Amino acid sequence: MENEMLTDIHSAVDIVTARQRGRALALELGFTGGDVTLITAAISEVARNIVDHAKQGQIVMHRIQAKGDPGIQIVATDAGPGIRDIGQAMQYGYSPRKGLGVGLPGAKWLMDEFDIVSRVGKGTTVTMKKWLR
Ligand SMILES: Nc1ncnc2c1ncn2[C@@H]1O[C@H](COP(=O)(O)OP(=O)(O)O)[C@@H](O)[C@H]1O
Ligand SMILES: [Mg+2]
C-alpha cells in the first residue's frame, strides 16, 4: 500500500520512532499542527500499551482514502496476552496494574475512528483512523 510504514515495537525508544514516523507521514499527507499532535499522541498510547502490556508488537501506518478524502490509518498489533474485557479496558481510569488507564479511551477520543479486537492468549489489534478535512 502507498506510504506504508512498519515499526517494530519492543521498548521506549521504538515508541519515539513510531511517533516520529507518524508525525512525518501526517505532515506529508497534509495534516496541520493541531491534528499532527493528536495523531502522535494516539500513536504514543497504543505503542506504549504494546511495551507495557504485550512486551512487543508492531505499528503499521499508511495513507487511506474514502470518497476522495485522504486520511491516516494506524494499526497496532501484538501477540501478547490479549484483553479479557474490552468494555472495561476502554473505561477512563481503568488500569489493573501500573498505568493511569487513560491510554485506550484517550486514543479513541483523539482519533476519528477507533476499533479494537483482542483475544485472550492470542493478542490485540487496535485500528485507528483520522481523516483530513
Ligand atoms: N496491547 C495490549 N495487550 C494487552 N492488554 C492491553 C493492551 N492494551 C491495553 N491493555 C489493557 O487495557 C488496560 C487499559 O489500557 P490503557 O487505557 O492504555 O491504560 P494503562 O495502559 O494506563 O493501564 C490496560 O491496563 C491493560 O490491562
Ligand atoms: Mg496505556
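These legends walk you through several close-up views of a predicted model.

**View 1. Meet helix α2, residues 33–54.** At 1.5 Å a residue, the 22 residues of this helix should span 32 Å, and its end C-alpha atoms are 31 Å apart, which agrees. Keep α2 in mind, as the next views return to this helix.

**View 2. The buried residues of α2 and what they pack against.** Within α2, the buried residues are Val36, Ile39, Thr40, Ala42, Ile43, Ser44, Val46, Ala47, Ile50 and Ala54. As you trace them, it helps to know that an α-helix has 3.6 residues a turn, so residues three or four places apart point the same way. The buried residues of α2 pack against two helices, α1 (12–29) and α4, and against the strands β1 (5–9), β2 (57–66), β3 (69–78) and β5 (123–131).

**View 3. Helix α1 beside helix α2.** Here the two axes are 9 Å apart and the helices pack at an angle of about 150°. Because angles over 145 degrees count as roughly antiparallel, α1 and α2 are therefore roughly antiparallel to each other. The crossing of α1 past α2 is right-handed. On the α1 side, look for Ile15, Ala18, Arg19, Gly22, Arg23, Ala26 and Leu27; they meet α2 residues including Val36, Ile39, Ile43, Ala47 and Val51. By class, this contact of α1 with α2 has ten nonpolar, three polar and three charged residues.

**View 4. Helix α4 (residues 103–110) beside helix α2.** The axes of α2 and α4 come within 9 Å and cross at roughly 150°. These helices, too, are therefore roughly antiparallel to each other. In this view α2 passes α4 in a left-handed crossing. Leu38, Ala41, Ala42, Glu45, Val46 and Asn49 of α2 meet Gly103, Leu104, Ala107 and Leu110 of α4. Sorted by class, the residues of the contact of α2 with α4 are seven nonpolar, two polar and one charged.

**View 5. Lys55, just after α2.** Follow α2 to its end and you arrive at Lys55, in the loop between α2 and β2. Its phi is near 75°, a positive value in a residue other than glycine. Lys55 is exposed, with a relative accessible area of 59%.

**View 6. Lys67, in the loop between β2 and β3.** Lys67 is not a glycine, yet has a positive phi of about 50°. Is this lysine, Lys67, buried or exposed? Lys67 is exposed, with a relative accessible area of 88%.

Definitions and conventions. Residues numbered from 1 in each chain as written. Chains lettered and ligands numbered in written order. Predicted model: local features only at pLDDT ≥ 70, side-chain atom pairs only at ≥ 80, totals over all residues. Heavy atoms only, no water. Axes fitted to C-alpha atoms, helices over the stretch in contact; angles between N-to-C directions. Helix = DSSP H or I, 4+ residues; strand = E, 2+ residues; numbered from the N terminus. Parallel < 35°, antiparallel > 145°, perpendicular 65-115°, else oblique. Left-handed = near helix turned anticlockwise from the far one by under 90°. Contact = heavy atoms within 4.5 Å. Nonpolar A, V, L, I, M, F, W, Y, C, P; charged D, E, K, R; others polar. Expected span 1.5 Å × (residues − 1). Buried < 20%, exposed > 50% of the residue type's maximum accessible area, 1.4 Å probe, protein only.
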